[in-house]
Amino acid sequence: MKKVSIIGAGIAGLSAGCYLQMNGYDTEIFELHSLPGGLCTAWKRGEYTFDGCIHWLVGSNPTDPFYSLWSELVDMTALSFVEPEEALRVESEDGRYIRVFSNIDKMEEEMLSKAPADTEIIRRFANAARKFININPPIEKAIETRSFLGKAMMLLRFLPYMKQMKYWMGMTGRDLALQCSDPLLRKTFESMFIPEMAALFLVFTQTWRHRRSAGYPIGGSLNFARKIEEAYIRLGGRINYKARVARIIVEKDAATGIQLENGEAHPSDVVVSAADGHDTIYGMLEGKYLSDEIRRYYEHAKVFPSYIQVSLGIARPLDGMPNAVIFPLETPIRTDDTHTRGQIGARIFSFDPTMAPEGKTVITVILPTNNHSYWETLRRENKEAYLAEKERIAEEVIAALDRRFGDIRRHIEEKDVSTPATVIRYTNNWKGSLEGWILTPAIGFSQMKKVLPGLQNFYMAGQWVEPGGGIPTALVSGRNVAQIICKKDGVKFSGNG
Ligand SMILES: Cc1cc2nc3c(=O)[nH]c(=O)nc-3n(C[C@H](O)[C@H](O)[C@H](O)COP(=O)(O)OP(=O)(O)OC[C@H]3O[C@@H](n4cnc5c(N)ncnc54)[C@H](O)[C@@H]3O)c2cc1C
């Protein structure tokens with residue numbers, strides 16, 4: 001039986017582990033944190049749970065191919081999903097707002113009524129989302145394991161949609177926003193996701209929401225990750241927590257195991273890194289296995305920002321409020337020494353009763369920042385100033401929430417601020433990035449390799465080899481790596497445990 005060492009117990013590492021166990025491999029995961037899930041996480045403060053991840057999980061509908069894959073690992077029928085009618089509300093200074101409804105017709109109707117001057121753009125966007133309703137991504141089989149004919153068949157499946165897909169892949173969310181004359185509609189398109197992301201992603205997100213396949217799992221992100229951890233353990237896998245990998249052991253250009261920070265060496269036949277890409281390539285492998293493509297990514301491609309998350313436990317109900325709302329600030333908030341933000345996005349967790357006791361509510365606010373080093377340096381060199389900065393941001397966020405929702409401050413029972421330094425400490429993601437590479441028009445439909453040039457018995461999975469990132473992508477990435485390893489060893493891949 002071949003032994004595989006897997007670095008990282010995020011969704012990609014757990015997925016690779018589960019599928020390799022299913023196919024007769026003996027695997028062991030090494031994870032630096034004490035919990036599974038990586039970025040897909042949550043934390044408790046008193047009676048409250050502060051969720052740090054899932055807004056929508058693609059594959060929440062039984063008709064979706066992602067649902068079938070999730071079901072290979074998790075009993076999806078035992079989970080309840082919230083599929084909000086109103087996914088997001090974007091507000092402006094003058095009291096106007098646009099609701100982004102999950103249903104395409106309702107979304108279109110709302111946008112047309114609020115921004116009639118942009119009828120042509122709204123119709124174009126809504127029609128694209130309708131056009132893609134019947135597309136299912138080819139996730140069942142890794143492209144690396146498909147025959148020439150298999151690849152041709154896959155392309156054929158997409159041929160009727162190619163022109164539209166290329167069109168929307170060719171512009172960012174911001175480009176789309178800039179075509180709008182109505183400032184609020186512009187802000188809405190910019191706020192639907194990271195503005196540098198290809199607009200195709202916005203279209204697909206709308207399609208998934210319409211199909212009721214982008215729900216939020218009650219119980220939240222860590223609960224969901226724990227279910228995949230349970231599957232892995234049930235399948236015979238072993239996880240070592242608080243086990244940070246410092247080095248991938250290489251002999252004659254083949255990976256032969258990993259070495260932990262504490263010096264312990266663990267030999268194996270194959271190594272899969274589902275951890276941070278930069279640390280894997282430039283740290284654990286000392287930059288010895290590079291290609292021009294890899295250099296291009298790490299030197300030029302855009303990464304998702306890092307973020308500050310302010311989480312509050314509020315001893316009062318907040319029923320009737322939108323689940324997610326973006327609103328302007330009277331006074332911009334400084335998020336580091338070089339950036340400010342003039343608006344914030346709040347999530348009001350009234351939709352998940354497991355996050356707070358009855359009659360109480362969790363609110364979280366995420367403030368993106370591209371200046372991770374400011375927070376890391378501050379934490380390292382001046383802990384007092386770091387804590388004071390966290391306090392300042394919490395205070396400014398609370399003041400803004402008080403103004404927007406009324407009567408928040410005096411009901412606060414728990415308060416927590418995580419920063420890019422926190423993200424780096426607990427997940428080791430490069431620059432504290434929340435999702436790896438942004439899927440920009442420049443990246444387009446190109447795919448990253450899951451192997452490194454000149455290095456045998458080594459594979460990468462997860463958001464650093466899958467531009468656009470995301471939890472379902474991490475699942476597929478781990479599964480694909482297992483398929484690639486099986487194919488190399490002549491093992492017929494099975495997705496059943
Ligand atoms: C605020 C936020 C909201 C999000 N919302 C959504 C959403 O709604 N829907 C969605 O699909 N996606 C969402 N995402 C993105 C999604 O969470 C990630 O893309 C996905 O979880 C990445 O999984 P991964 O396994 O590739 O990487 P990670 O989750 O980063 O896992 C990597 C693991 O490797 C470990 N590790 C790193 N270095 C080492 C080392 N040297 N030794 C040992 N272990 C190591 C880390 O601790 C971590 O556990 C969100 C992310 C954030 C932060």
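**View A. Around F189, contacts (heavy atoms within 4.5 Å) run to M111, I121, F125, G173, L176, A177, C180 and L202, once its neighbours within four places in sequence are set aside.** A heads-up before going on: this is a predicted model, where local features need pLDDT of at least 70 and side-chain atom pairs count only at pLDDT 80 or more, while totals for chains, interfaces and linings use all residues. Residues are numbered from 1 along each chain as its sequence is written, and side-chain values use heavy atoms, with hydrogens and water left out.

**View B. Two nonpolar cores, with W70 and F189 as the best-connected members of the largest.** A nonpolar core here is a set of buried Ala, Val, Leu, Ile, Met, Phe, Trp, Tyr and Cys residues joined through side-chain atoms within 4.5 Å. Buried means under 20% relative accessible area, exposed means over 50%, and partly exposed is in between, with a 1.4 Å probe and protein chains only. The largest core has 136 residues, and W70 and F189 touch the most other members. Helix α16 chips in the most to this core, with 9 residues. Helices (H or I, at least four residues) and strands (E, at least two) are DSSP runs, numbered from the N terminus. A second, separate core has 29 residues, L312, L318, F327 and I398 among them.

**View C. Helix α13, with one face turned to the inside.** This helix covers residues 372–381, and its buried residues are H372, Y374, W375 and L378. Looking down the α13 axis, these buried residues fall within an arc of 165° (taken from the directions from the helix axis to the C-beta atoms), so they line one face of the helix. R380 and E381 sit on the other side of α13, where they are exposed. The cover over the buried residues of α13 includes β15 (306–314), β16 (324–334), β18 (361–369), α14 (383–405) and α15 (420–427).

**View D. I393, a buried residue of helix α14.** Its relative accessible area is 0%, so I393 counts as buried. Leaving out residues up to four places away in sequence, I393 touches I308, V310, R334, T335, L367 and W375. One of these contacts, W375, is also among the buried residues of α13. For a sense of scale, I393 and K487 are 94 residues apart in sequence and 51 Å apart in space, C-alpha to C-alpha.

**View E. F101 in strand β8 (residues 97–101).** With a relative accessible area of 7%, F101 is buried. Not counting residues up to four places away in sequence, F101 touches E85, E86, A87, K106, M107, E110 and Q206. P84 is 17 residues from F101 in sequence and 8.2 Å away in space, C-alpha to C-alpha.

**View F. The second largest pocket, at about 450 Å³.** On a 1 Å grid over the protein atoms alone, a pocket is an open set of points with protein on both sides within 12 Å along at least five of seven lines, a cavity is a set where a 1.4 Å probe fits but cannot get out, and lining residues have an atom within 4 Å of a point. Points are joined across faces, edges and corners, and a volume is the space filled by probe spheres set on them. The pocket has 24 lining residues, with W43, R45, S418, T422 and Y426 closest to its centre. Elements giving two or more residues to this lining are β3 (42–45), β15, α14, β19 (412–418) and α15; α15 gives the most, with 5. By class, the lining divides into 10 nonpolar, 8 polar and 6 charged, counting Ala, Val, Leu, Ile, Met, Phe, Trp, Tyr, Cys and Pro as nonpolar, Asp, Glu, Lys and Arg as charged, and the others, Gly among them, as polar.

**View G. Closed-off space: 2 cavities of 30 Å³ or more.** The largest cavity holds about 40 Å³ and is lined by W56, M192, F193, F201, L202, T205, Q206 and R209. That lining splits into 5 nonpolar, 2 polar and 1 charged. The second largest cavity comes in at about 30 Å³, with K2, V270, N457, Y459, I485, K488 and D489 as its lining. Here α16 (residues 471–489) gives the most, with 3 residues, and the lining divides into 3 nonpolar, 1 polar and 3 charged.

**View H. Positive phi at E286 and at D407.** E286 isn't a glycine, yet its phi is about 55°; this residue lies in the loop between α11 (277–284) and α12 (292–300). D407, also a residue other than glycine, has a phi near 55° and sits in the loop between α14 and β19. At 33% relative accessibility, D407 is partly exposed.
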